[in-house]
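Work through these exercises with the model open beside you. Try each task before you read its solution.

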Amino acid sequence: MNSSEFDEFDKKCMQRALSLAWQGRYSTSPNPRVGCVISRDNQIIAEGYHYIKGGPHAEINALNQVSGLDLSKATVYVTLEPCSHFGSTPPCALALIDKKVKTVIAAMLDPNPLVSGKGFVLLKQAGIKTKYGLLEEQARKINKGFFSRIERGIPYSILKMGVSIDGKTALKNGKSQWITSENSRRDVQEARAQACAILTGIGTVIKDNPRLNVRSIDTPRQPVRIILDSQLNIPLNSNVVIDSNSPTWIITLNQKSSKLDILSQYSHIKVIQTKEKNNRIDLSYLMHVLAQLEIGELYLECGATLAGTFIQENLVDEIHLYQAPIILGDKAKDAFIFDELTDLNQAKRWHIASSEYLGEDIKLILRQK
Ligand SMILES: NC(=O)c1ccc[n+]([C@@H]2O[C@H](COP(=O)([O-])OP(=O)(O)OC[C@H]3O[C@@H](n4cnc5c(N)ncnc54)[C@H](OP(=O)(O)O)[C@@H]3O)[C@@H](O)[C@H]2O)c1
C-alpha cells in the first residue's frame with residue numbers, strides 16, 4: 001500500500017502502537033509482539049498490547065478500555081493484521097466487527113501464508129474499511145524472530161561475543177571473568193530477556209557452568225536454555241540441570257547413556273535426539289527443529305568451537321560484539337575456531353549496523369550484507 005495514503009496522525013498512532021507492542025518484548029514469546037491504538041475524532045481513545053501467550057490480544061485489551069463507547073467512527077491501528085482463527089483466544093477480527101469500528105489500519109499482513117489476509121477479508125465483508133503497510137519495516141523489526149520462524153522455517157539467530165582488543169575471549173588457563181564491563185553484561189541480560197532461547201555448547205557448560213537465565217530484569221518468562229551435547233557429557237550437578245526455574249533442552253546424539261533416565265526425572269528438562277553431521281549435531285537441521293518448537297529469536301552464547309561452526313555454516317543473522325579495552329596476547333583463546341581459509345574471498349564481510357559505547361566497551365551490531 002502506498003505510504004501517501006496515510007497522514008501524520010495515522011503515523012503518530014501507529015508509532016504509538018509499535019511502542020506499546022515493544023512493552024511485551026520479554027513476555028509474548030512464542031507469540032509476536034503486537035500493539036494497538038484506537039482513535040476517534042483525531043484523538044487516541046484507547047491503547048493495548050499483547051502481554052503473554054494465552055492472554056488477550058492487543059486489540060481486545062484496547063477495545064476493553066472503551067467497551068461502552070460508540071466506535072462507528074473509530075479507527076483501529078494495529079501492528080499486525082487482526083487474527084481470524086480460534087487459537088487460545090477467539091478471533092480479534094470478530095471482536096472488531098462486533099464493535100462496528102469504521103476503519104482498521106495494520107502495519108502489515110500476517111506473515112503466515114495459511115492465514116495471511118484472512119483477517120482483512122472478514123473485516124471487509126462486514127463493511128469495515130481496511131488498509132495496511134504503515135511503518136511496516138519497523139513492525140517487522142520488532143518481531144524478527146517470529147517472522148523468521150514463520151517465513152524461513154528457522155529462528156533469527158544472534159551471536160553474542162565478548163572479546164578483548166585483540167579478539168580474544170579468555171586467558172590460556174580459561175580465566176575470562178570479566179573481560180567486558182558491567183554495562184555490557186547488563187546489556188546481555190536485556191538481550192537474553194528478549195530471546196525465546198539461549199543456546200550454548202557443552203564446552204561452555206563444562207568450563208563455566210553458566211546459569212544462562214535472566215536475573216536483572218523483571219520478567220514473567222525465562223528463555224529456554226539449549227545445550228548442544230552430542231555425547232551427553234553434561235555434568236548432572238551443572239546449573240542448567242539443577243536450576244528448575246528455566247526450561248533446559250539438551251540436544252544430543254546419544255541414545256544409550258544412563259544419564260537419559262536420570263534427566264527424564266526433571267520436569268524442566270527435555271532431551272532432544274537429533275541428526276548427526278561429522279559426529280556432531282547437524283546445526284542446519286537443528287535450526288528447523290527449533291523453529292518447529294516455536295523458537296523465534298535465538299541468542300547464541302557459545303564458545304569458539306560452536307561460534308565458528310555457526311558462522312561457517314552461515315547460520316548467524318546478527319553478531320553482537322562487545323569489545324573491551326584490554327589486550328590478552330597471542331596465548332589467549334580465540335573467538336572463532338574455523339576450518340582454514342586460503343583466500344580472503346572465503347571470509348564473509350559483515351555490515352556494521354550500529355556501534356555504541358557501553359561503559360568503556362564498544363558494542364557493535366553486525367548483520368549479514
Ligand atoms: N566470550 C564470550 O562471549 C563467550 C561466550 C560463551 C563461552 N565463552 C567461552 O568459551 C569457552 C568454551 O568454548 P568451547 O569452544 O570449548 O565450547 P562451546 O563452543 O560452547 O561448545 C563446544 C562443544 O559443542 C559441541 N557441539 C555439538 N555440535 C557441534 C557442532 N555442530 N559444532 C561445534 N560444536 C558442537 C561439541 O561437543 P560434543 O562434540 O561433545 O557435542 C563442542 O566441543 C569457555 O571457556 C567460555 O568461557 C565465551
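**Exercise 1. A residue and its contacts**

Task: Find which residues Tyr322 touches, leaving out residues up to four places away in sequence.

Solution. Step 1: Contact means heavy atoms within 4.5 Å. By that test Tyr322 touches Lys160, Met161, Gly162, Val163, Thr180, Ser184, Asp187, Val188, Tyr299, Leu358, Ile362 and Lys363.

Step 2: Place the residue. Tyr322 is in strand S15 (residues 318-323). Strands (E, at least two residues) and helices (H or I, at least four) are DSSP runs, numbered from the N terminus.

Step 3: Check its exposure. Tyr322 is buried, because its relative accessible area is 1%. Buried means under 20% relative accessible area, exposed over 50%, and partly exposed in between (1.4 Å probe, protein chains only).

Before going on, note the ground rules. This is a predicted model, in which local features need pLDDT of at least 70 and side-chain atom pairs count only at pLDDT 80 or more, while totals for chains, interfaces and linings use all residues. Residues are numbered from 1 along each chain as its sequence is written, and side-chain values use heavy atoms, with hydrogens and water left out.

**Exercise 2. One of the partners**

Task: Take Ser184 and decide whether it is buried or exposed.

Solution. Step 1: Ser184 sits in helix H7 (residues 182-194).

Step 2: Its relative accessible area is 1%, so Ser184 is buried.

Step 3: Beyond four places in sequence, Ser184 touches Tyr322, Leu358 and Asp361.

**Exercise 3. The sheet that holds S15**

Task: Give the strand order of the open sheet with 9 strands.

Solution. Step 1: The order is S11-S10-S9-S8-S14-S6-S15-S18-S17, with mixed pairing. Two strands pair if DSSP finds at least two bridges between them.

Step 2: Look at the edges. Strand S11 (269-273) and strand S17 (350-358) each have a single partner strand, so one side of each lacks a neighbour in the sheet.

Step 3: Read the turn between strands. Neighbouring strands of this sheet are turned by 20 degrees against each other on average, direction ignored. Axes are lines fitted to C-alpha atoms, for helices over the stretch in contact, and angles run from 0 to 180 degrees between N-to-C directions.

Step 4: Pick one pair. Strand S6 (residues 156-163) and strand S14 (residues 297-300) are parallel and share 4 bridges. Here Ile158 stands opposite Tyr299 in S14.

Step 5: Add the helices. H7 lies across S6, strand S8 (197-201), S14, S15, S17 and S18, at about 145 degrees to S14. Helix H6 (residues 144-151) lies across S6, S14, S15 and strand S18 (361-368), at about 130 degrees to S6.

**Exercise 4. The sheet of 5 strands**

Task: Find which strands stand at the edges of the open sheet of 5 strands.

Solution. Step 1: The order is S2-S1-S3-S4-S5, and the pairing is mixed.

Step 2: Strand S2 (43-49) and strand S5 (129-132) are the edges; each has a single partner strand, so one side of each is left without a neighbour in the sheet. The twist averages 15 degrees from one strand to the next.

Step 3: Follow S3 both ways. S1 and S3 run antiparallel, joined by 4 bridges, and Ser39 stands opposite Thr75 in S3. Strand S3 (residues 75-78) and strand S4 (residues 103-106) pair in the parallel sense over 4 bridges. Across that pair, Thr75 faces Thr103 and Val78 stands opposite Ala106.

Step 4: Sort the side chains of S3. Thr75 and Tyr77 point one way, Val76 and Val78 the other, and all are buried. In a regular strand the side chains alternate between the two faces of the sheet.

Step 5: Place the helices. Helix H1 (residues 8-22) lies across strand S1 (35-40), S2, S3 and S4, at about 145 degrees to S1. Helix H4 (residues 118-125) lies across S4 and S5, at about 155 degrees to S5.

**Exercise 5. A helix and what follows**

Task: List the buried residues of helix H12 (residues 304-312).

Solution. Step 1: They are Ala304, Leu306, Ala307, Gly308, Phe310 and Ile311.

Step 2: Just after H12, Asn314 takes a positive phi of about 60 degrees.
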